[in-house]
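Work through these exercises with the structure open beside you. Try each task before you read its solution.

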Amino acid sequence: MENPRKNTDIARMELANRLFFRLYQCANMLHKTGSRAVEHLGLTTQQWAVLGALSRPEAQAGISVGDLARYLMVSRQSLSGLISRMERDGHIASAPDGRDRRSRLVTMTASGRKVWTQDALPRIHEYYEGALDEFSMGDLSHTLHYLLKLLENMQRLDDAAPRGEGE
């Protein structure tokens with residue numbers, strides 16, 4: 001006789017595999033199609049995320065590179081090159097933190113704010129409408145709920161993982 005628990009475990013792992021593969025595909029398509037939505041502005045999806053993070057009211061006075069990396073869930077190393085390019089393009093500025101000279105605060109420049117509010121946001125909203133076509137408010141709410149739940153579980157796994165040098 002077959003073990004129903006084993007069949008359930010197999011079915012769960014098959015569904016999990018399909019789910020995580022679809023998330024991988026969605027991330028790749030977000031990068032590909034999202035970049036197309038803002039590339040004529042000289043932006044990438046990574047720069048879009050940084051400007052979005054810096055546009056939040058709690059970041060108006062600046063945010064440390066470490067806090068920005070944690071918020072975006074990227075490494076400081078991958079963020080540092082991005083910050084340099086965005087500074088070069090005039091979208092953001094970084095300066096020593098007056099409270100901790102070892103830390104740098106990142107802020108959006110007036111030029112970056114113009115690009116964000118007047119140029120990028122309308123294109124991003126258009127992109128959202130196309131990507132979320134036929135999603136009801138309930139669909140959006142449920143999707144967000146489950147993605148947050150998944151993110152919390154993944155964050156717990158990350159927090160419990162042993163750290164190598166440089167992390």
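**Exercise 1: The long first helix**

The buried residues of α1 are G34, S35, A37 and V38. This is a predicted model, so treat each task as reading a prediction.

Task: Find what the buried residues of α1 pack against, and compare the span of α1 with the expected one.

Solution.
- Step 1. Take the four buried residues, G34, S35, A37 and V38. They pack against α2 (45-54) and α5 (110-131).
- Step 2. Locate the whole helix. α1 covers residues 4-38, which makes 35 residues.
- Step 3. Go from the first C-alpha to the last. The span is 50 Å. At 1.5 Å a residue, 51 Å is expected, so the two values are close.

**Exercise 2: The sheet**

Task: Work out the strand order of the sheet and name its edge strands.

Solution.
- Step 1. Read the order across the open sheet: β1-β3-β2, with antiparallel pairing.
- Step 2. Look for strands that pair on one side only. These are the edge strands, β1 (63-64) and β2 (92-96).
- Step 3. Check how β1 is joined to β3 (residues 104-108). Two bridges link these antiparallel strands. In one pair, I63 has V106 in β3 as its bridge partner.
- Step 4. Add the helix that lies across β2 and β3. This is α4 (residues 76-88), running at about 115° to β2.

**Exercise 3: Two crossings of α2**

Task: Describe how α2 crosses α3 and how α2 packs with α5.

Solution.
- Step 1. Start with α3 (residues 65-72). The axes of α2 and α3 come within 11 Å and cross at roughly 115°. The two helices are therefore roughly perpendicular to each other.
- Step 2. Give the handedness. α2 passes α3 in a right-handed crossing.
- Step 3. List the residues that meet. A49, V50 and A53 in α2 meet L68, Y71 and L72 in α3.
- Step 4. Turn to α5. Here α2 packs at an angle of about 115°, and the axes are 11 Å apart. That makes α2 roughly perpendicular to α5.
- Step 5. Give the handedness again. The crossing of α2 and α5 is left-handed.
- Step 6. List the residues in contact. From α2 come W48, L51, G52 and L54. They meet R113, W116, I124, Y127 and Y128 in α5.

**Exercise 4: One histidine**

Task: Decide whether H91 is buried or exposed, and name some of the residues H91 touches.

Solution.
- Step 1. Place H91. This residue lies in the loop between α4 and β2.
- Step 2. Use the cut-off: buried means under 20% relative accessible area. H91 has 6%, so H91 counts as buried.
- Step 3. Look for contacts, leaving out residues up to four places away in sequence. H91 touches, among others, L43, L51, M86, T107 and V115.

**Exercise 5: Two positive phi values**

Task: Compare where M73 and E134 lie, and classify the exposure of M73 and of E134.

Solution.
- Step 1. Recall the background. Most residues other than glycine have a negative phi.
- Step 2. Read the angles. Phi of M73 is near 60°, a positive value. Phi of E134 is near 70°, also positive.
- Step 3. Place both residues. M73 is in the loop between α3 and α4. E134 is in the loop between α5 and α6 (137-160).
- Step 4. Classify the exposure. M73 has 48% relative accessibility and counts as partly exposed. E134 has a relative accessible area of 75% and is exposed.

How values were computed. Residues are numbered from 1 along each chain as its sequence is written. This is a predicted model: local features need pLDDT of at least 70, side-chain atom pairs count only at pLDDT 80 or more; totals for chains, interfaces and linings use all residues. Side-chain values use heavy atoms; hydrogens and water are left out. Two strands pair if DSSP finds at least two bridges between them. Contact means heavy atoms within 4.5 Å. Axes are lines fitted to C-alpha atoms, for helices over the stretch in contact, and angles run from 0 to 180 degrees between N-to-C directions. Buried means under 20% relative accessible area, exposed over 50%, partly exposed in between (1.4 Å probe, protein chains only). Angles under 35 degrees count as roughly parallel, over 145 as roughly antiparallel, 65 to 115 as roughly perpendicular and the rest as oblique. A crossing is left-handed if the near helix is turned anticlockwise from the far one by less than a right angle, and right-handed if clockwise.
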